[in-house]
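Visitor: Could you take me through this model, with the reasoning set out step by step?

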Amino acid sequence: MTYRVPVRDTGLMAAARALVRRQYRDVHAVQNVTFQIATGQVVGFLGRNGAGKTTTMKILAGILHPTSGRVRVLGQVPWRRHNHYLREIALIRGSQPIGDAPELTVLDSFRYQQVLYDIAESQFKHNLAELSALLDLDSILQRQVRALSLGERMRAGLALALVYRPKILFLDEPTIGLDISAAKVVRTFIAEYSAQTGATVLLTSHSMADVESLCARLILVDDGAIAFDGPRDELRSIFAPTKLIRVTVADDDADLAGCGDILQRDGNQWLLRVDRDAAPAITARILSRFAVADLSVEEPSLENVMDQAYQRLRRTKDVTS
Ligand SMILES: Nc1ncnc2c1ncn2[C@@H]1O[C@H](COP(=O)(O)OP(=O)(O)OP(=O)(O)O)[C@@H](O)[C@H]1O
């Protein structure tokens with residue numbers, strides 16, 4: 001997907017010149033992105049700012065017509081925007097709180113959505129009951145939208161966006177700007193909704209809590225191209241090939257130098273970083289040589305893994321450019 005953007009120098013003269021003769025440059029937002037997602041999968045679509053995530057989502061949701069390439073979702077070409085396709089998908093950007101018509105009750109808004117999406121009454125009731133149970137909406141359905149708290153508007157907005165029961169959810173930063181408990185409500189909802197309805201979910205998020213709790217498969221996009229596609233743990237072993245060993249030894253004089261990089265030492269508590277493959281042997285060595293009161297082997301946090309991945313990708317780009 002290439003955007004053609006106008007360019008001009010600053011200043012009045014340049015502005016006047018641009019009126020007569022506009023100059024453009026191409027921005028290749030997405031190129032060489034190829035992936036397939038099986039029905040029911042929840043996939044994390046990650047990348048740095050400007051990597052091309054939202055552009056890809058917009059193409060998949062039929063909002064953008066790519067300059068080249070082939071896309072099929074549910075056998076459909078998204079940008080043809082057939083009604084039956086648009087009823088099978090939902091693109092949710094941000095937390096999307098309900099609020100377009102604040103004078104309506106929440107139920108009125110749902111009824112409006114029912115008309116828009118032509119949802120049969122029995123199906124509507126079934127979907128609404130399911131969403132109400134998942135998002136605890138019963139007590140707010142009769143209330144005016146303007147009288148809802150931010151958290152209630154967010155829960156109602158999520159349900160409103162899904163009341164026609166789409167099979168595919170494109171979620172672009174669904175927890176951005178939410179406090180910890182609201183973000184947790186959204187995460188739990190996404191997991192339960194996809195398990196209950198079999199919906200396929202493609203999710204972008206900079207929140208590692210979202211990714212860790214929802215996505216077993218990750219696609220990492222960088223500079224408009226795919227840099228990784230596979231299980232979350234594989235990403236860990238590629239981009240963060242180390243583990244942490246946290247040890248408490250009984251003897252204050254024990255010296256664990258030589259058992260990995262010492263990241264921290266606090267009295268008889270040590271934090272060591274070791275190569276992933278060497279972790280079992282080093283653990284065995286520590287246990288045989290020292291009186292160990294406590295020992296745990298830990299994976300680096302996903303935050304740390306992503307940080308290392310982005311640094312590595314940046315270095316690779318610097319070398320190749
Ligand atoms: N309408 C547009 N016109 C020109 N360039 C655009 C347009 N939309 C996006 N871009 C550019 O395309 C590239 C990819 O943007 P995109 O919004 O897909 O990134 P992203 O991965 O979603 O980033 P973020 O995490 O910051 O939301 C960026 O360089 C961006 O500046």
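Guide: What follows concerns a predicted model, and the topics are the ligand shell and one helix.

Visitor: Which element gives the most to the shell around the ligand?

Guide: The residues that surround the ligand include Tyr3, Val5, Lys53, Thr54 and Thr55. Strand S1 (2-7) and helix H2 (53-60) each supply at least two residues of this shell. With three residues, the element that gives the most is H2.

Visitor: How many residues of the shell around the ligand are charged?

Guide: The shell draws at least three residues from each of domain 1 (1-30) and domain 2 (32-235). When its residues are divided by character, five are nonpolar and six are polar, and the number that are charged is one.

Visitor: What should the 15 residues of helix H5 span, at 1.5 Å a residue?

Guide: Helix H5 takes in residues 121-135, and its end C-alpha atoms are 21 Å apart. That agrees with the span its 15 residues should have at 1.5 Å a residue, which is 21 Å.

Visitor: Which helices do the buried residues of H5 pack against?

Guide: Leu128, Leu131, Leu134 and Leu135 are buried in H5. They cover an arc of only 130° around the axis, and therefore lie on the same side of H5. The face turned away from that buried side carries the exposed residues Ser122, Lys125, Ala129 and Ala133. The buried residues pack against helix H4 (106-116), helix H6 (150-162) and helix H7 (180-197).

Notes:
Residues are numbered from 1 along each chain as its sequence is written. This is a predicted model: local features need pLDDT of at least 70, side-chain atom pairs count only at pLDDT 80 or more; totals for chains, interfaces and linings use all residues. A residue is near a molecule or strand if its C-beta atom, placed from the backbone, lies within 6 Å of it. Helices (H or I, at least four residues) and strands (E, at least two) are DSSP runs, numbered from the N terminus. Ala, Val, Leu, Ile, Met, Phe, Trp, Tyr, Cys and Pro count as nonpolar, Asp, Glu, Lys and Arg as charged, and the others, Gly among them, as polar. Domain bounds come from an automatic or database domain assignment. The expected span of a helix is 1.5 Å times one less than its number of residues. A residue is buried if 20 or more other C-beta atoms lie within 10 Å of its own, exposed if 12 or fewer, and partly exposed in between; C-beta atoms are placed from the backbone. The arc is that of the directions from the helix axis to the C-beta atoms. Two residues are in contact if their C-beta atoms, placed from the backbone, lie within 7 Å.
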